[in-house]
Amino acid sequence: MSNNYLERVEGFCKELPYPWIARAWKPFKKNLKKIQKEFNLPAKEICLVGDQIFTDIYGGLRMKFYTVLVTAVGANETKYHFKNVNINKDFVPTTVGDFR
């Protein structure tokens, strides 16, 4: 599941034997619910791994998934990501309430 455009995501996901979604619009729940339904798993058995606090981690916490914050593969890939890393490097949320 990626917020990136179809061509980019398809390039590294099309050979995988798992469902995937491009333009996922994380942290919105619609596609997170879609993937959960595809795997037919309860939230407590899903882990969302991501490098963006305000999309990946927040979206996973909203769905009550386990979440893992990782360092981006290309840390200076975009200005947006670079700003988030600098602002949030010491902020590791554990609940949705941490965003308030």
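Which residue follows H3, and what is the sign of its phi? Lys64 comes after H3, and its phi is positive, near 70°. This is a predicted model, in which local features need pLDDT of at least 70, side-chain atom pairs count only at pLDDT 80 or more, and totals for chains, interfaces and linings use all residues. Residues are numbered from 1 along each chain as its sequence is written, and side-chain values use heavy atoms, with hydrogens and water left out.

**View 1. The protein runs α-α-β-α-β-α from the N terminus on.** That comes to 4 helices and 2 strands (DSSP runs numbered from the N terminus: helices are H or I, at least four residues; strands are E, at least two). Of the 100 residues, 31% count as buried (under 20% relative accessible area, with exposed over 50% and partly exposed in between; 1.4 Å probe, protein chains only).

**View 2. Strands E1 and E2 sit side by side as a parallel pair.** E1 (residues 47-50) and E2 (residues 66-69) share 4 bridges; pairing takes at least two bridges found by DSSP. Look for Gly50 opposite Leu69 in E2. On E1, Leu48 and Gly50 make up the covered face, while Cys47 and Val49 are on the uncovered one.

**View 3. Helix H3 links the strands in a right-handed β-α-β unit.** Right-handed here means that, with the strands pointing away from the viewer, the path from the first strand over the helix to the second runs clockwise. H3 (residues 53-62) is mostly covered, with 7 of its 10 residues buried. Among them are Ile53, Ile57 and Leu61, along with Gly59 and Gly60.
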